[in-house]
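Biologist: I would like to learn how to read a model like this one, feature by feature. Could we go through it together?

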Amino acid sequence: AIPLVIAVITSISAKNGLLIRNRTSFEGARNIDVVVFDKTGTLTKGEFGVSDIVTFGGWKEDELLRDVAAIETNSEHTIAKGIVKKAKEKKLDLPKVENFSSLPGKGAKARIQGKQIFVGNKGIFEIAEVSSTDDAQKQANEFASQGKTLVFVASENKIQGIIALSDIIRDESKEAIKRLKKQDISVSMITGDNQATAKFVADQLGLDSFFAEVLPDKKSEKIKKLQSEGRKVAMVGDGVNDAPALAQADVGIAIGAGTDVAVETADVVLIENDPRNVLDIIRLSAINHRKTVQNLA
Ligand code: ADP
Ligand code: MG
């Protein structure tokens, strides 16, 4: 009888847009009491558009965009794609880039026409050995309070500018969170993005808590910490940087459109990229449990 239950649940799951990769983890989903969502690409669409460009050091806006886009051509990050797209729309000629290297969880650096350029979040300040200015700080605060993601540009020992990008919160995220909270499941968010931007998204979605400015290798530690407090944790993510956290969680859930690494690490995959399907996982695992127990009796 049990294999039949498995077959039925698997087929219902598929109809609900779920791909179960690890049955044991799926079966435990009914006991989840906290769901941690990644921000970019999970609660949001992860499609960044450039909304503002400001410069401080005398560079022209198009110059700044051109150099940054040239560097970001080498990067896989969705932020990078948004910047490159903007430069293409403006039909800017991208200069040659040398010595590109990515700075995980922070950004990237490279050399253009002899100039060393750093792009990314405020984590690059230390690497570029620049300090923030009042001007930059004021602009950054303003953009971040609007929920925008910031890319700082540092070169020649100072901050040359900021590129602000906006992402789109998935329509489904709000409802998913409301329904989870109704079931007394706490809902949290984890992101590498800055504090103020994360707060904006957390407020919009009514999240119970959030962790911001978390470096890629530290996401799984946050999950471990929750587990050490006796919580049963589901983690939902899409990125390469989410994979260790997905592996650590009691139930690791990947957004179907996510990276291969995330999908291959997850216990359950959301085929429709719809965070509401997390509730179906919990519901189906409860049904599965009742059926299994019935069949055993
Ligand atoms: P997230 O947790 O937001 O999905 P990551 O851990 O990959 O993302 O990156 C964390 C942060 O590092 C991003 O929010 C961004 O501020 C910065 N970052 C990473 N890669 C880049 C890049 N190629 N260009 C600019 N900023 C970047
Ligand atoms: Mg992500």
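Biologist: Let's start with the ligand. Which helices and strands each supply at least two residues of the shell around ligand 1?

Modeller: Happy to help, and do keep in mind that this is a predicted model. Helices H3 (39–43) and H5 (78–89) each supply at least two residues of that shell, as do S5, S6 and strand S7 (149–155). The shell has 23 residues, of which Thr 40, Ser 75, Asn 121, Gly 192 and Asp 193 come nearest. By character, 12 are polar, six nonpolar and five charged.

Biologist: Where does ligand 1 lie with respect to domain 1 and domain 2?

Modeller: Look at who contributes to the shell. Residues come from both domain 1 (2–45 + 169–296) and domain 2 (49–166), so ligand 1 lies between them.

Biologist: Now the strands. How many bridges join S4 to S5?

Modeller: A general idea to begin with: side chains in a regular strand alternate between the two faces of the sheet. Here, strand S4 (residues 97–103) runs antiparallel to S5, with five bridges joining them. Glu 98 stands opposite Arg 111 in S5. Three residues separate S4 and S5 in their hairpin, and Gly 105 in the turn has a positive phi of about 75 degrees.

On its other pairing, S5 meets strand S6 (residues 115–120) in the antiparallel sense over six bridges. Lys 109 has Phe 118 in S6 as its bridge partner. The hairpin of S5 and S6 has two residues between the strands, and Gln 113 takes a positive phi near 45 degrees there.

Biologist: Why is S5 described as largely enclosed by the rest of the structure?

Modeller: Because five of the six residues of S5 (residues 107–112) are buried.

Biologist: And helices: which residues of H7 are buried?

Modeller: In general, an α-helix has 3.6 residues a turn, so residues three or four places apart point the same way. In H7 (residues 134–145), the buried ones are Ala 136, Gln 139, Ala 140, Phe 143 and Ala 144. Viewed down the axis of H7, these buried residues fall within an arc of 125 degrees, so they line one face of the helix. Asp 134, Gln 137, Lys 138, Asn 141 and Ser 145 are exposed on the other side of H7.

Biologist: One last residue: is Thr 149 buried or exposed?

Modeller: Count its neighbours: Thr 149 has 26 other C-beta atoms within 10 Å, so it is buried. Thr 149 is in strand S7. In sequence, Thr 149 and Ser 166 are 17 residues apart, while their C-alpha atoms are 6.1 Å apart in space.

Conventions. Residues numbered from 1 in each chain as written. Chains lettered and ligands numbered in written order. Predicted model: local features only at pLDDT ≥ 70, side-chain atom pairs only at ≥ 80, totals over all residues. Buried ≥ 20, exposed ≤ 12 C-beta atoms within 10 Å, placed from the backbone. Helix = DSSP H or I, 4+ residues; strand = E, 2+ residues; numbered from the N terminus. Pairing = 2+ DSSP bridges. Near = placed C-beta within 6 Å. Nonpolar A, V, L, I, M, F, W, Y, C, P; charged D, E, K, R; others polar. Domains from an automatic or database assignment. Arc of directions from axis to C-beta.
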